[in-house]
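Take a walk through this structure, one element at a time. Keep the sequence and the 3D view side by side.

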Amino acid sequence: MHRFHLPPEAWDSAVLGESESHHCADVLRLSPGDKVAVFDGCGREARAEISLVERGRVSLKLSAPAKTPPPPCRITLAQAVPKGKNMDLIVQKAVELGAARIAPLLSDRTVVQLEGNDTDRKRSKWQAVALEACKQCGQNHLPEVSEPLTVRAFLEREEKKGLLLIASLQPDARPIKTVLAEHGAAPAAATILVGPEGDFTPAEIALAKSHGCLPVTLGPIILRTETAAIYCLSVLAHELFTAPPAAR
C-alpha cells in the first residue's frame with residue numbers, strides 16, 4: 001500500500017500537501033476510491049481512502065488511526081559530511097535504524113564545503129531523503145536533519161545532553177557495548193559522532209573528549225564512513241531500544 005506524509009496540522013482537513021498530492025495523483029495515477037496509508041512523522045498513522053482529486057489537491061477519508069511509540073532512547077547520529085552521494089545513503093539507513101536526528105558535521109577533513117545557500121539546500125535535500133525513507137520502510141517517526149555545524153559548534157550545543165560517544169581509531173577507544181555496560185541504565189538520549197574520510201583529526205578527538213564524549217572503537221578493521229555510521233546505529237539500536245531507559 002502506498003504511504004504518504006500528512007503533517008500533524010493537516011489531519012483535520014485530511015488534504016495532502018502539494019508535493020504529496022502530485023506524487024499521488026500525477027505520478028502514481030491514484031484516483032478516488034483507492035486505498036492508501038498516511039503518517040504524520042510524529043508516530044501517528046492511519047488508513048485512508050482517496051475521496052477527491054481536484055486541481056492538484058488530494059483529499060482523503062481517514063480511518064483506523066494508530067500511534068507508534070518512539071524508541072526508549074533518542075539516538076542522534078552526528079555525521080561528518082562525506083563526499084559524493086554517501087550522505088544520502090547514510091540518512092536513508094539512519095531512518096531505517098531508528099535514529100531520531102541526523103546532525104551533519106563540517107569537520108577539518110570534510111571534503112564537501114558548505115556555505116550560505118548551499119547549507120540550506122543540502123539540509124532540505126537530506127530532510128527529503130529522510131521523508132522518502134520513512135515512506136518506504138514504514139517508519140512513522142520522521143527524524144530531524146539539523147543544520148550543518150562545525151564539530152566545535154555542535155559539541156557546544158550538545159554538551160550534557162545524554163550519553164555522548166565518538167567513533168575513534170585512537171588507542172584509548174573501547175567497544176561500544178563495554179562503554180554502555182559501564183554507563184548503567186540505558187540513557188534517554190545518546191549521540192554518536194562519526195568522522196569523514198580520513199577520520200576526525202586528533203585535535204577534534206581531543207575537543208570531543210573535553211566535552212564529555214567517550215571514544216569507542218568499531219573493531220580492528222577500518223570502516224568506510226558510511227559503514228561506520230550504519231555499524232554504530234545498529235549496535236546502539238540493538239542495545240538501547242530493548243533496555244529499560246534511565247529515570248528522566
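How many bridges join E5 to strand E6 (residues 101-106), and in which sense do the two run, parallel or antiparallel? The model is a predicted one. In it, E5 and E6 are joined by 5 bridges and run parallel. One pair can be picked out by eye: glutamine 79 has proline 104 in E6 as its bridge partner.

Stay with E5. This strand spans residues 74-80. Strand E11 (residues 189-194) also pairs with E5, again in the parallel sense, and here there are 6 bridges. Look for alanine 78, which stands opposite leucine 193 in E11. Is E5 mostly covered or mostly open? E5 is mostly covered, with 6 of its 7 residues buried.

Now turn to another sheet. Four strands make up an open sheet, and their order is E1-E2-E3-E4. The pairing in this sheet is mixed. Strand E1 (3-5) and strand E4 (57-67) stand at the edges. Each has a single partner strand, so one side of each is left without a neighbour in the sheet. From one strand to the next, the twist averages 35 degrees.

Within this sheet, follow strand E3 (residues 44-54) to E4. These two run antiparallel and are joined by 9 bridges. Arginine 47, for one, has serine 63 in E4 as its bridge partner. A helix belongs to this picture too. Helix H3 (residues 117-137) lies across E1 and strand E2 (35-39), and runs at about 145 degrees to E1.

Next come two helices. Two packed helices are described by the distance between their axes and the angle between them. For helix H5 (residues 176-183) and helix H7 (residues 225-240), the axes come within 11 Å and cross at roughly 35 degrees. The crossing is right-handed. On the H5 side, the contact is made by Ile176, Lys177 and Leu180. They meet Tyr231, Cys232, Val235, Leu236, Glu239 and Leu240 in H7. By type, the contact residues divide into 7 nonpolar, no polar and 2 charged.

Finally, the cysteines. How many disulfides are there? The count comes to 0. Why is cysteine 73 not bonded to another cysteine? Its closest cysteine sulfur, in cysteine 232, is 14 Å away, which is too far for a bond. Cysteine 73 is also buried, at 1% relative accessibility. Cysteine 137 has its closest cysteine sulfur at 5.8 Å, in cysteine 134, and that too is too far for a bond. Cysteine 137 is partly exposed, with a relative accessible area of 37%.

How values were computed
Residues are numbered from 1 along each chain as its sequence is written. This is a predicted model: local features need pLDDT of at least 70, side-chain atom pairs count only at pLDDT 80 or more; totals for chains, interfaces and linings use all residues. Side-chain values use heavy atoms; hydrogens and water are left out. Axes are lines fitted to C-alpha atoms, for helices over the stretch in contact, and angles run from 0 to 180 degrees between N-to-C directions. A crossing is left-handed if the near helix is turned anticlockwise from the far one by less than a right angle, and right-handed if clockwise. Contact means heavy atoms within 4.5 Å. Ala, Val, Leu, Ile, Met, Phe, Trp, Tyr, Cys and Pro count as nonpolar, Asp, Glu, Lys and Arg as charged, and the others, Gly among them, as polar. A disulfide is a pair of cysteine sulfur atoms within 2.5 Å. Buried means under 20% relative accessible area, exposed over 50%, partly exposed in between (1.4 Å probe, protein chains only). Two strands pair if DSSP finds at least two bridges between them.
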